[in-house]
Amino acid sequence: MTDETPAMDTNSGMTAATDPGIEPQEIGHVVLRVREFSRSVPFYELLGFRKVAEIPGMMAFFTATGVNHHDLALQQVGADAPSPSPSMTGLYHVAIRLPSDAHVRAAFHRLVNAGVEVVGASDHAVSHSLYIKDPDGIELELYADVPDWQDLDDKLTTRRWDPR
């Protein structure tokens, strides 16, 4: 083999010149394990997700905007499933982007009125975030990017933010 001949990966049959690489475009969807659809489906519908399909007793699929076949899926695992622990490895939270601060503030009031557990609110300089827990204790972040966040010098911090 000469220097001009690209090395062949024997597993894929690709050369360095033909390998497209791994180029993530976005997070396609999230699947969460929940105890019971009877509690979780209405909760995620309260958050504005629309259920588009269900495999009875197993999976429920939701879209946020209708652009994707599904953005979120719930897998029902049963009433006796243990709660997530804050000290275990794995998912910390799922972030759901809203159009503006006004939408985050409106969500805060709607969710508080519905009895949803609010666990925090933060100004991250680039965004304003509301942290809540779903019926199974899974943490979710509802956030809005601040206008012109790309131009900010003060990026990615955590300060207290009042969503009221």
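Arg35 sits in the loop that runs between strand 1 (30-34) and helix 1 (37-46). In this predicted model, the residue is tucked away rather than out in solvent: its relative accessible area is 14%, so Arg35 counts as buried. What does its side chain make a polar contact with? The partner is the side chain of Ser83, at 2.5 Å. Ser83 also turns up among the residues that Arg35 touches beyond its sequence neighbourhood of four places, together with Gln76, Val77, Gly78, Ala79, Ala81 and Pro82. Pro135 and Asp136 complete that set of contacts.

Another loop residue worth a look is Ala125, found between strand 6 (117-123) and strand 7 (127-133). Its phi is near 70°, a positive value in a residue that is not glycine. That stands out because most residues other than glycine have a negative phi. Ala125 has a relative accessibility of 9%, so this residue, too, counts as buried.

Moving on to the strands, strand 5 (residues 94-97) shows a neat alternation of its side chains. Val94 and Ile96 point to one face and are buried, whereas Ala95 and Arg97 point to the other face and are not buried. How many bridges link strand 5 to strand 8? The two strands, the latter spanning residues 139-145, pair in the parallel sense over four bridges. Within this pairing, Arg97 stands opposite Tyr143 of strand 8. Arg97 thus combines a place across from Tyr143 with a side chain on the face of strand 5 that is not buried.

Conventions. Residues numbered from 1 in each chain as written. Predicted model: local features only at pLDDT ≥ 70, side-chain atom pairs only at ≥ 80, totals over all residues. Heavy atoms only, no water. Buried < 20%, exposed > 50% of the residue type's maximum accessible area, 1.4 Å probe, protein only. Polar contact = N/O pair within 3.5 Å; in protein donor to acceptor, adjacent residues only side chain to side chain. Contact = heavy atoms within 4.5 Å. Pairing = 2+ DSSP bridges.
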